[in-house]
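Open the model in your viewer and keep the selection panel at hand. The stops below run from the whole chain to a single sheet.

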Amino acid sequence: MISVDQLVAIPSLGLRYLAGESGGTRLVTWAHACDLPDPWLWFESGDLVMTTGGGLPDNPPEQSEWMAHLIDSQVSALVIARGPGTPEVAPALLDVARERGFPVLSASFDLQFVTLARTVIESAVESERQRLATITRLYDVYWQSLHARGSFGDRISTLEGTTGWALEVRDHDAGGEVVVSGRLALHQHTVDQDPTPESVNIPIPGAGDVVLTARAGRNPVNDRPLLQHVGGLIALELEHHAAERDRLRASGQDLLVGLLDDTVTLAAVWPELRHRGMPNATAIACWSPGESAVLHHESIHRQVCLQQYAPLLLPSGAMLMGLVPRDLELLATISAKLGPDCAVGVSTALTANSSVAEAARQAQLAVARAHEQGQTVNVYGDDRDDVGFLPRSIEDTRTLVRRVLGPLIVHDKDNEGNLLDSVRVFLRNDGAWQKSADELNIHRQTLVYRLRRVEQLTGLKPTSTEGSAMLWLTLSGAERAKLSLDDLLE
């Protein structure tokens with residue numbers, strides 16, 4: 001396409017500005033001659049209007065109104081080649097054009113409108129030919145980039161090279177966060193530019209409130225249809241990416257269930273964690289909402305902050321469990337997106353031989369601690385006042401018993417059970433199954449069932465080092481306080 005300035009620059013046309021020179025960069029898509037009194041009814045956006053002045057009103061106020069109507073129709077410019085007996089162009093008409101930056105050009109009556117129209121049309125046809133060639137090249141290079149298996153950013157950079165524009169994709173649902181940027185766009189952000197190039201934004205179809213932003217690079221952003229083709233390619237990529245994220249979340253949930261019930265070992269899934277962007281330190285995280293709140297976790301795996309990762313996520317009641325990178329800043333960001341009062345507890349770092357069930361218990365204890373202390377993030381074991389020794393006061397003992405043994409005491413009271421005695425005997429006998437069962441006068445398998453029930457109620461596994469230590473610590477503290485467990489719990 002050709003701009004108004006480029007038309008004025010052609011000597012043979014003899015065009016000159018009467019007003020609106022500031023709008024000279026407007027592109028002209030087509031050209032028509034019209035001497036009707038209401039030309040705005042017959043033209044489309046981007047058209048060049050050519051007139052001999054036969055349709056102009058006679059008096060200045062009506063000419064001003066006529067000009068305003070024409071500008072509102074989104075045509076590109078007006079060329080007046082006054083013929084004999086047509087009204088003079090009033091200064092009021094030019095004032096309206098000048099105020100709104102609308103080009104008004106004068107031409108000799110001898111100018112053949114067909115010559116001007118041919119210039120515009122030939123330019124439009126050539127522009128369309130170039131656009132088709134660019135679109136073809138656009139799809140070719142994008143296809144090649146897909147086969148090269150580069151990153152999303154690499155493909156955006158490829159599109160930048162084809163169009164000459166700086167491109168980036170922003171998610172306004174996520175506060176305008178950048179989903180992906182091309183190298184040219186990144187360069188523009190890091191280099192001071194005065195003034196910063198204006199951006200052109202188009203929505204990405206089928207992707208929520210995701211927008212493609214284009215800024216001038218080596219070429220101005222003046223071809224919206226081409227930009228929409230770029231947006232279409234990105235829409236396909238985002239749709240594929242979303243489907244892949246959904247698949248990874250579903251398979252990740254199955255893996256985490258297996259890890260928690262010990263049917264899958266952490267060592268077995270270690271290579272899968274690397275493929276999910278987690279080759280370094282990992283942990284179990286537990287997100288919990290505030291009182292009467294709900295976690296909005298359904299699309300959390302699609303958030304920009306998790307673009308580089310595919311954690312294992314599992315809803316658990318009102319909470320969300322996850323095997324995640326041990327990145328506290330990232331985990332806090334996820335908390336903010338899950339809900340306004342959400343907190344996260346983080347386990348110790350996982351190793352190939354770690355018990356994921358034990359790490360999950362740590363994360364649950366840590367998130368409870370976070371809510372108690374009004375924290376957003378709490379890492380298990382980092383609290384200075386966390387119980388790591390025998391309680392030093394009755395109040396310390398009371399707090400510890402409520403936290404650890406409370407569910408067992410309530411269970412035994414309500415069911416005339418003896419889970420607490422079973423744990424005490426088992427620990428006193430250093431985990432000897434048959435000896436403990438004989439002392440309790442029960443079958444060995446009954447003791448296995450009871451300790452499994454203890455684990456379900458407390459989250460502590462009596463046969464693990466940490467579980468047995470915490471249970472022993474609590475029982476010993478109660479004995480040293482010389483108070484019954486019932487008294488401590490009341």
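How much area does the chain expose, and what share of it do carbon and sulfur atoms supply? The exposed area is about 24,900 Å², and carbon and sulfur atoms supply 50% of it (Shrake-Rupley method, 1.4 Å probe).

This is a predicted model, in which local features need pLDDT of at least 70 and side-chain atom pairs count only at pLDDT 80 or more, while totals for chains, interfaces and linings use all residues. Residues are numbered from 1 along each chain as its sequence is written, and side-chain values use heavy atoms, with hydrogens and water left out.

Show the whole chain as a C-alpha trace. Along its principal axes the trace spans about 120 × 50 × 40 Å. The radius of gyration, taken over C-alpha atoms, is 37 Å, well over the 23 Å that the globule rule (2.2 Å times the number of residues to the power 0.38) gives for 490 residues, so the chain is more spread out than a compact globule.

Colour by secondary structure. The chain has 17 helices and 16 strands (DSSP runs, H or I of at least four residues and E of at least two, numbered from the N terminus).

Next, select strands 2, 4, 5, 6 and 7. They form an open sheet of 5 strands in the order 2-7-6-5-4, with mixed pairing (two strands pair if DSSP finds at least two bridges between them). Strand 2 (16–19) and strand 4 (30–33) are at the edges with a single partner strand each, so one side of each has no neighbour in the sheet.

Now select residues 47–51 and 77–80. These are strands 5 and 6, paired in the parallel sense over 4 bridges. V49 is opposite L78 in strand 6.
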